[in-house]
Amino acid sequence: MIGGRSGQGKTYFIQSLLMDLHDAKQPSLIIDYSASYTQHQLEEQFVQHVGEHLKERVVYIDKMPINPFKRRMKFVAGRETPEPANETANRVVEVFASVYRSFGDQQKMTLYRAIRNGIEKYEDHMTLTLLMDELSLLEDSQKSVVTSIQSRLTQLVDMDPFDYTSENNWGDLFTSNGQVNIIQLDGYEQIEIKKVLTEFILWDLWYFMLSNHEDRPVAVVLDEAQNLSFAQGAPSNLILREGRKFGWSAWFATQTFSQFTTEELAV
């Protein structure tokens, strides 16, 4: 946990540690929520030291090659099986509910049904645009509930930050040459889009890391951690409780602790 108010040196300190990791041939990843790790914000000494091993993906331009609606594989009693659509739908709903706090039980249930129906119909081709269509098809739901969901998700759908067709291979980022990877979220004006993106990126990375182990650590810098969800079942909660088993070296940087609930602080 790296804490400190704006301007107190968190980013400078983290860059110093990342340089040491680079020298030790240890890969690292920064999810840059606050645009603190853009090329013009990074220290010149850091950029020169890391050199060609500094890799940046600007999601606003290149999009993020993940599909949040994709059903994950689970190991149950030693056997691998795809999770049912309802589990995937529930995970997506919890992400939206953690970001759009105004969603009540009716909105969450309606959203769950639309996502579940869409996954069952379109499988891995489900998208945010198709989610809006599925919401419109729920004729037995209150129109005001559907409208309230669609109004909150419209900007996210219009900006759609996901590339649903490209394959995302986290393993390419975590080579042994000390590569420093930055997932840059600069460009999005809506805080909610950044939050949704970060949560889904963490879920995708979590499932990748389940095949990793503790003697192959991956350092992941989570910028502006006060904006993450640490609720039961959220990826940050899982990282803190179980991540060490799968090689997570998670660095949570935050400007304030006042936004955390008692339960989140306990985690």
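**Aromatic pairs and packing around helices α8 and α9**

The predicted model contains 14 aromatic pairs, a pair being two rings of Phe, Tyr or Trp (its six-membered ring) with centres within 6.5 Å. Planes under 30 degrees apart count as stacked, those over 60 as edge-to-face, and the rest as tilted. One of these pairs, F174 with F208, is tilted, with 6.1 Å centre to centre and 40° between the planes. F174 belongs to the loop between α7 (143-159) and β6 (180-184), whereas F208 belongs to helix α8; the two are 34 residues apart, and the pair links distant parts of the chain. Helices (H or I, at least four residues) and strands (E, at least two) are DSSP runs numbered from the N terminus. F174 counts as buried because its relative accessibility is 15%, while F208, with a relative accessible area of 26%, is partly exposed. Buried denotes under 20% relative accessible area, exposed over 50%, and partly exposed the range in between (1.4 Å probe, protein chains only).

W206 and F246 form an edge-to-face pair, with 5.7 Å centre to centre and 85° between the planes. This pair also links distant parts of the chain: W206 is in helix α8 and F246 in the loop between α9 and β8, 40 residues apart. Both W206 and F246 are buried. In addition, ring pairs join F96, Y100, F103, F162, Y164 and F200 into a cluster.

Helix α9 (residues 235-242) has P235, S236, N237 and I239 as its buried residues. These pack against α8 (191-209) and β8 (248-254), contact meaning heavy atoms within 4.5 Å.

Two rings have a charged side-chain end over them, under the criterion that NZ of Lys or CZ of Arg is within 6 Å of the ring centre and within 35 degrees of the ring normal. The charged end of R91 sits over the ring of W203, 5.7 Å from its centre. For K194, the ring is that of Y33, and the distance to its centre is 5.7 Å.

At the surface, M1, F257 and L265 make a nonpolar patch of about 340 Å². Patch residues have over 30% relative accessible area and no salt bridge, and nonpolar side chains (Val, Leu, Ile, Met, Phe, Trp, Tyr) are joined within 5 Å. A salt bridge is a side-chain nitrogen of Lys or Arg within 4 Å of a carboxyl oxygen of Asp or Glu. Accessible areas come from the Shrake-Rupley method with a 1.4 Å probe. F257, in the loop between β8 and α10 (262-266), is partly exposed, with a relative accessible area of 41%.

Residues are numbered from 1 along each chain as its sequence is written, and side-chain values use heavy atoms, without hydrogens and water. As the model is predicted, local features need pLDDT of at least 70 and side-chain atom pairs count only at pLDDT 80 or more, while totals for chains, interfaces and linings use all residues.

Key. Patches are made of residues with over 30% relative accessible area and no salt bridge: like charges are joined within 9 Å, nonpolar side chains (Val, Leu, Ile, Met, Phe, Trp, Tyr) within 5 Å.
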